[in-house]
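Work through the exercises below with the sequence and the model in view. Each task is followed by a solution in steps.

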Amino acid sequence: MDTYNQQLSQRYADEHLATRLREALLAEGLNPEQLTLDDIAAIDQLHVGGRRSSRQLADLAGFLPGQQLLDLGCGTGGSSRLLVAEYGVQVVGVDITQPFVDVARWLTEATGLTARCRYVCADAQQLPLETARFDAVWCQHTLMNLPNLQQGLQEIHRVLKPDGRLLLHEVLQGGNREPLVFPVPWADDASTSHLHTPAELEQHLQAAGFVPLFQQNVTEDALNWRKKHTEKEARGQTGILTPQLIFGPGFLQMGKNLMENLQQDKVWLMESVWKKNA
């Protein structure tokens, strides 16, 4: 793993992550080895919009039971588990952060979904996966961490079956080109934040061999969601199980900064579906 990827992995999680989460679950009166998706919802969707945004994107996909899905940048596996449980797909989750992968495996076993969901620790730009294996690739808040976006998209294209779908829910550069307020959930400073404008992303996707099927700006929904959670955090109404357990004590400031960047039109949230052009 190169220096950038090591820094990225270490930024997102440390070796004590699983211990913190287990202690928090026990403090909530839960059994860490026997859980439901509702039990862990507050720490299970590490992206703007939570489960609602995941379901909205999945509904666009029109998944068929048994289809093979790659969850790229799967984190602790929240979206993978949701898609397996509610849409009947088979999922391989990939993330560069080993503690995330370890937690994903544990929580997937604890929720009884291991038979249809497995995880691999790997770089999204060099996937150790077979060519033309997947019916769809799921990508939520992942592209902004890829220093070589074109290489990442070429890998996605490679592992998709002919006419396979790429499902995106991504943070992009907004209309206001002033510098972002840092830190944000995906980066502590500009050196690890690789945001593209919608036009740039579309250009990269087309160059990698994708054609658009659906695109929608969901920034207003994202801002409303982030505002609601920022207000709850300010009132201390979030309970024990929060993303702060994963991102650390700086998460509250990250959330506030994200809301400010959204309000100032510095970042947009886009939802889109693309097809592999065979």
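The exercises treat cores, helices, salt bridges, a pocket and cavities in turn.

The model is predicted, with local features requiring pLDDT of at least 70, side-chain atom pairs counting only at pLDDT 80 or more, and totals for chains, interfaces and linings using all residues. Residues are numbered from 1 along each chain as its sequence is written, and side-chain values use heavy atoms, with hydrogens and water left out.

**Exercise 1. Nonpolar cores**

Task: State how many residues the largest nonpolar core has and which residues have the most contacts inside it.

Solution.
- Step 1. A nonpolar core is a set of buried Ala, Val, Leu, Ile, Met, Phe, Trp, Tyr and Cys residues joined through side-chain atoms within 4.5 Å. Buried means under 20% relative accessible area, exposed over 50% and partly exposed in between, with a 1.4 Å probe and protein chains only.
- Step 2. The largest such core holds 36 residues, and Leu21, Trp186 and Val267 have the most contacts inside it.
- Step 3. Two or more residues each come from α2 (17-27), α6 (98-110), α9 (219-234), α10 (244-247), α11 (251-263) and β7 (267-276). Helices (H or I, at least four residues) and strands (E, at least two) are DSSP runs, numbered from the N terminus.
- Step 4. Separate from this core is a second one of 28 residues, with Leu72, Val92, Val94 and Leu146 among them.

**Exercise 2. Two helices**

Task: Compare the end-to-end reach of α11 with its expected span, and do likewise for α6.

Solution.
- Step 1. The expected span is 1.5 Å times one less than the number of residues.
- Step 2. For α11, with 13 residues, the first and last C-alpha atoms lie 18 Å apart, close to the expected 18 Å. For α6, also with 13 residues, the end C-alpha atoms are 18 Å apart, which agrees with the expected 18 Å.
- Step 3. Buried positions in α11 include Phe251, Met254, Leu258 and Leu262. In α6 they include Phe100, Val103, Trp106 and Leu107.
- Step 4. Just after α11, Asp265 has a positive phi of about 65°; Gly112, which follows α6, has a positive phi near 75°.

**Exercise 3. Salt bridges**

Task: Count the salt bridges, and explain which parts of the chain are tied together by Asp38 and Arg51.

Solution.
- Step 1. A salt bridge is a side-chain nitrogen of Lys or Arg within 4 Å of a carboxyl oxygen of Asp or Glu. This rule gives a count of 9.
- Step 2. Asp38 and Arg51 pair at 3.0 Å, N to O. Asp38 lies in the loop between α2 and α3 (41-44) and Arg51 in helix α4 (residues 50-61), so the bridge ties together parts 13 residues apart in sequence. Asp38 is exposed at 59% relative accessible area, whereas Arg51 is partly exposed at 23%.
- Step 3. Arg55 and Glu86 form another bridge, with their closest N and O atoms 2.8 Å apart. Arg55 belongs to helix α4 and Glu86 to helix α5 (residues 78-87), so parts 31 residues apart in sequence are tied together.
- Step 4. Asp163 is bridged to Lys275, the closest N and O atoms being 4.0 Å apart. Strand β5 holds Asp163 and strand β7 holds Lys275, so the pair ties together parts 112 residues apart in sequence. Asp163 is partly exposed at 43%, and Lys275 is partly exposed at 25%.

**Exercise 4. Pocket and cavities**

Task: Describe the lining of the second largest pocket and that of the largest cavity.

Solution.
- Step 1. On a 1 Å grid over the protein atoms alone, a cavity is a set of points where a 1.4 Å probe fits but cannot get out; a pocket is an open set with protein on both sides within 12 Å along at least five of seven lines, and lining residues have an atom within 4 Å of a point.
- Step 2. The second largest pocket has about 160 Å³ of space, a volume being the space filled by probe spheres set on grid points joined across faces, edges and corners.
- Step 3. Of its 13 lining residues, Gln67, Asp135, Ala136, Asp163 and Arg165 lie nearest the centre. The largest share of this lining, 6 residues, comes from β5.
- Step 4. There are 2 cavities of 30 Å³ or more, and the largest has a volume of about 90 Å³. Its lining has 13 residues, with Leu172, Leu201, Gln215, Met270 and Ser272 nearest its centre.
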